[in-house]
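Please look at how the strands, helices and nonpolar residues of this chain are put together. The report below takes the sheets in turn, then the cores, and then some local details of the backbone.

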Amino acid sequence: MASSTPLRIAVVQFAPKIGQVQANIRRARELCRKLQPRSVDLICFPEMIMSGELQFESARSISPYLEHPKTGPTSQFCSELSERIQCFVFAGYPERLASEELNIKAHDSQHETEATADSTTSQIIGANSAVLYGPDGEWVGHYRKTNLFVTDKTWAKPGTAFATLHLPSPLRTVSFGICNDLNATEGEVWRIESGPYELADYAVSQNADTLILLNAWLDSGTEKEEETDWYTLNYWAARLRPLWVGDDVTSEENRSNEATEDGKETIVVVCNRTGEENGKSLYIHQI
């Protein structure tokens, strides 16, 4: 049975100053200044919001902005904000790998580097991650982007799986993804009839009440005369099809709305960056 308690989510979007972490934190703090304690259940910030993402196309360029989990500036900001508002706070950040992981990756990548024909080689030193803090200002959970974007691959270690946390009502069962996680794994051929719908199928398998995506999704450039980029919205909706079609995604005749049949629904929250980065426009919207 669906919860009778309303779910209140704040989605915070802005164009960060690339590489100016403390300035971006001040901007985020200012945007949240009017929020009162217990006025929302969850505050979301986009993918790598305090540093930017697309500008960093090598390990060398991202290295000064990598953060240690729990003690880095994004984590400290989330802890402070979550305790003040007494809610959950979820934000993306570039994670610095621990020395043990760096040693393992260095050993594993020796043969890969030798076999790479491209003159540009990657050096895995971090992860495109997100952190969740709770109403008491304490660390709750962590997630690493699984399906890396092209710029991520030059420095980031992919996550091993999508993630779900079981939180107090009204959030309850929450699944997480970061931007390109919504797409099929590289090499897979995606079709509307059959997918693969990796993230959406995962959310269904977890019986998720909420699916949260932290994005830095590019504007499609196809809706120049429109305020809304309908191409991107339709793209997101198509790749979430199992959440709104029902069990049999291959049959148009068997479409069903799970929410109307058994009271179950999955709320999808997409928190996207704004502005431009590295000459590329980002889609200015949230759902």
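## The four-stranded sheet

Strands S8 (210-215) and S9 (267-272) are paired in the parallel sense over 6 bridges, where strands are DSSP runs of E with at least two residues, helices are runs of H or I with at least four residues, and both are numbered from the N terminus. Two strands count as paired if DSSP finds at least two bridges between them. One of the bridges places Asn-215 opposite its partner in S9, Asn-272. The two strands belong to an open sheet of 4 strands in the order S6-S7-S8-S9, with mixed pairing. S6 and S9 are the edge strands, each pairing on one side only, and the twist from one strand to the next averages 20°.

Helix H5 (198-205) lies across S6, S7 and S8 and runs at about 165° to S7; such angles run from 0 to 180 degrees between N-to-C directions, with axes fitted as lines to C-alpha atoms, for helices over the stretch in contact.

## Basis of the model

This is a predicted model, in which local features need pLDDT of at least 70 and side-chain atom pairs count only at pLDDT 80 or more, while totals for chains, interfaces and linings use all residues. Residues are numbered from 1 along each chain as its sequence is written, and side-chain values use heavy atoms, with hydrogens and water left out.

## The five-stranded sheet

An open sheet of 5 strands, also with mixed pairing, follows the order S1-S2-S3-S4-S5. Its edge strands are S1 (9-11) and S5 (139-144), each of which pairs on one side only, and neighbouring strands are turned by 25° against each other on average, direction ignored. S4 and S5 run antiparallel and are joined by 5 bridges, and Leu-132 stands opposite Gly-141 in S5. Helix H3 (residues 73-85) packs on this sheet, touching S2, S3 and S4, and its direction makes about 175° with that of S3.

## Nonpolar cores and the chain as a whole

In soluble globular proteins, nonpolar side chains tend to be buried together. The largest nonpolar core here has 35 residues, and those with the most contacts inside it are Leu-42, Phe-90, Phe-176 and Ile-212. A nonpolar core is a set of buried Ala, Val, Leu, Ile, Met, Phe, Trp, Tyr and Cys residues joined through side-chain atoms within 4.5 Å, and buried means under 20% relative accessible area, against over 50% for exposed and values in between for partly exposed (1.4 Å probe, protein chains only). Among the elements that each supply at least two residues of this core are S2 (42-44), S3 (88-96), S4 (126-133), S7 (173-178) and helix H6 (230-239). A second, separate core of 22 residues includes Phe-14, Ala-28, Cys-87 and Val-89.

Which residues does Ile-212 touch, not counting those up to four places away in sequence? They are Leu-42, Cys-44, Phe-90, Val-174, Ser-175, Phe-176, Gly-177 and Val-269, a contact being heavy atoms within 4.5 Å. In the chain, contacts between residues 24 or more positions apart make up 74% of those with a separation of 6 or more. There are 8 helices and 11 strands, and 48% of the 287 residues count as buried.

## Local backbone details

Two peptide bonds that precede proline deserve attention. The bond joining Ser-169 and Pro-170 is cis, with omega about 10°, and Pro-170 lies in the loop between S6 (163-166) and S7. The bond from Gly-195 to Pro-196 is cis as well, with omega near 10°, and Pro-196 is placed in the loop between S7 and H5.

Arg-38, although not a glycine, has a positive phi of about 65°; this residue sits in the loop between helix H1 (21-31) and S2 and is exposed, with a relative accessible area of 59%. Asn-207, likewise not a glycine, has a positive phi of about 55°; Asn-207 is found in the loop between H5 and S8 and is partly exposed, at a relative accessible area of 48%.

## Ala-238

Is Ala-238, a residue of helix H6, buried or exposed? Ala-238 counts as buried, at 15% relative accessibility. Leaving aside neighbours within four places in sequence, Ala-238 is in contact with Trp-190, Ile-192 and Tyr-197. Ala-238 and Arg-191 are 47 residues apart in sequence, and their C-alpha atoms are 9.7 Å apart in space.
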